[in-house]
Amino acid sequence: MRWYGPNDGVSLRDIRQAGCTGVVTALHQVPVGDVWPEEEIAIRRKLIENAGMTWTVIESLPVHDSIKKGDEARDELIERYQQSIRNVAKQGLKVITYNFMPVLDWLRTDLEYPMPDGSLALRFERAAFVAFDVFQLRRPGAAGDYSAEELAAADAWFDSASETKREKLWFSCMQGLPGSTKMFTREEVLEALAEYGEMTPERLRENLLYFLNAVCPIAEDEGVVLAVHPDDPPMSVLGLPRIVSSAKDLRMLLQGCESPANGLCFCTGSLGASLQNNVPEMLQEFMDRVYFLHLRNTARDTEGNFFEADHLEGDTDMAAVMQVLVQANRSIPMRPDHGHLMLDDLTKSGLYPGYGAIGRLRGLAELRGLEAGIRSMI
Ligand code: DNO
């Protein structure tokens with residue numbers, strides 16, 4: 001399971017009792033772009049080992065926006081990233097997860113979407129998101145990025161929303177980076193978006209490949225691999241392109257840097273939120289370069305809305321995914337992702353959205369049962 005560090009409301013003991021042998025974590029206290037100091041990596045590793053588990057997967061070693069934008073500071077920031085790679089390798093870590101989403105990481109419009117059983121899920125509602133962009137963030141030029149129907153739906157959503165609902169939308173969309181309790185401000189987001197200027201998918205991809213071709217040789221030498229997390233949601237957001245959303249994107253990413261250190265964090269939830277993606281087929285195609293797995297499920301519709309369903313429900317055929325994995329017979333670190341907020345977690349504080357203990361424990365237990373069942377049949 002993912003652990004956000006000593007301030008996480010979920011303890012290492014909880015994670016161990018959920019049946020985990022390994023923990024996925026990051027030094028969230030180190031500002032994006034700074035080198036991860038080896039001593040701090042060692043302290044974190046010891047904490048986890050003292051709790052009876054191992055730490056081999058980092059999630060995430062974030063890539064600075066200068067590298068994504070390809071501005072004049074990028075070479076210096078890439079050198080620092082290379083140094084962090086050396087430092088984590090010295091501490092025995094093996095997989096470095098990162099993403100190439102401009103400005104924001106994953107994004108939802110509702111962090112407390114009620115399920116029929118009273119648990120709470122994460123949801124992305126297209127009309128609410130357009131309303132956020134056009135009426136709340138008031139991004140310059142935002143209205144021009146949407147169709148007349150989308151704008152009308154956003155208008156209707158916003159008109160009928162109570163003040164509390166509007167506030168919840170703002171709160172959900174402005175969550176800071178994972179592991180941070182600080183929300184973004186409107187100014188920060190608008191400024192960061194403006195700095196991207198007229199970014200095209202081609203240029204963003206060039207910047208990604210420039211980064212990969214600079215860091216993968218170091219990773220290879222150090223015996224570690226990189227694993228890119230797909231875009232979440234897998235579509236252009238706030239007027240900026242996203243380039244890790246589809247099978248075509250993944251092909252270009254792997255072909256553009258052929259180092260074996262260039263790999264994927266295959267997230268069935270992020271990829272599965274797009275109607276274009278056949279997740280089990282994609283897993284089969286990219287299996288050799290999958291170095292880390294996020295297994296979760298989404299229920300989606302044709303309008304671009306989705307919510308996070310129970311791990312074995314939703315639109316991705318998780319049994320088919322597990323079959324591909326079992327047949328590949330490789331040992332790949334895996335974690336359940338984004339559980340529902342449920343049972344005692346509903347009244348607990350200090351939890352990060354999607355990262356309560358019990359919902360993820362349920363997801364993990366279901367996935368392990370599915371795996372055991374499939375293994376017993378072959
Ligand atoms: C969401 C996570 C992502 C992921 C990063 C990787 O819960 O899957 O935040 O960790 O995008 O850099």
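**View A. The largest cavity encloses about 200 Å³ of space.** Of its 19 lining residues, W106, Q175, G176, L177 and P178 lie closest to its centre. The lining divides into twelve nonpolar, five polar and two charged residues. The structure holds six cavities of 30 Å³ or more. A cavity is a set of points, on a 1 Å grid over the protein atoms alone, where a 1.4 Å probe fits but cannot get out; lining residues have an atom within 4 Å of a point. Points join across faces, edges and corners, and a volume is the space filled by probe spheres set on them. Ala, Val, Leu, Ile, Met, Phe, Trp, Tyr, Cys and Pro count as nonpolar, Asp, Glu, Lys and Arg as charged, the others, with Gly, as polar. The model is predicted: local features need pLDDT of at least 70, side-chain atom pairs need pLDDT 80 or more, and totals for chains, interfaces and linings use all residues. Residues are numbered from 1 along each chain as its sequence is written, and side-chain values use heavy atoms, without hydrogens or water.

**View B. The second largest cavity has a volume of about 120 Å³.** Its lining counts 17 residues, with R2, E59, D105, W106 and H229 closest to the centre. W106 is also among the residues closest to the centre of the largest cavity. By class, the lining has four nonpolar, six polar and seven charged residues. Strand β3 (residues 95-99) gives the most, with three residues. Helices (H or I, at least four residues) and strands (E, at least two) are DSSP runs numbered from the N terminus. The ligand takes the space of this second largest cavity. A molecule sits in a cavity if more than half of its atoms lie within 2 Å of the grid points.

**View C. The ligand is surrounded by 15 residues (a heavy atom within 4 Å).** E59, S60, D105, H338 and Y355 are the closest. E59 and D105 also stand among the residues closest to the centre of the second largest cavity. The shell is split by class into five nonpolar, five polar and five charged residues.

**View D. Polar side chains meet ligand oxygen atoms.** A polar contact is a pair of N or O atoms within 3.5 Å. The side chain of S60 places an N or O atom 2.6 Å from a ligand oxygen. For N99, a polar side-chain atom lies 2.9 Å from an oxygen atom of the ligand. For H338, the separation between a side-chain N or O atom and a ligand oxygen is 2.5 Å. The ligand alone exposes 330 Å², and the protein buries 100% of that area (Shrake-Rupley method, 1.4 Å probe).

**View E. Backbone geometry at two ligand neighbours, S60 and H338.** The E59 to S60 peptide bond is cis, with omega near -5 degrees. S60 sits in the loop between β2 (54-59) and α3. H338 is not a glycine, yet has a positive phi of about 35 degrees. Its loop runs between β11 (334-336) and α14 (357-377).

**View F. A cis peptide bond joins D232 to P233.** Omega is near 0 degrees. P233 belongs to the loop between β6 (225-229) and α10 (247-255).

**View G. The largest pocket has a volume of about 770 Å³.** A pocket is an open set of grid points with protein on both sides within 12 Å along at least five of seven lines. The lining has 34 residues; V32, D65, V103, L177 and F184 lie nearest the centre. Two or more lining residues come from each of α3 (65-69) and α8 (186-195). Helix α8 gives the most, with five residues. By class the lining has 18 nonpolar, seven polar and nine charged residues. L177 is also among the residues closest to the centre of the largest cavity.

**View H. The second largest pocket has a volume of about 530 Å³.** Its lining has 29 residues, and L111, F171, L351, Y352 and P353 lie nearest the centre. Strands β4 (110-114) and β5 (120-124) and helix α7 (163-173) each supply at least two lining residues. The classes are twelve nonpolar, twelve polar and five charged.

Definitions and conventions
A polar contact is a pair of N or O atoms within 3.5 Å; within protein, one must be able to donate a hydrogen and the other to accept it, and residues adjacent in sequence count only if both atoms are side-chain atoms.
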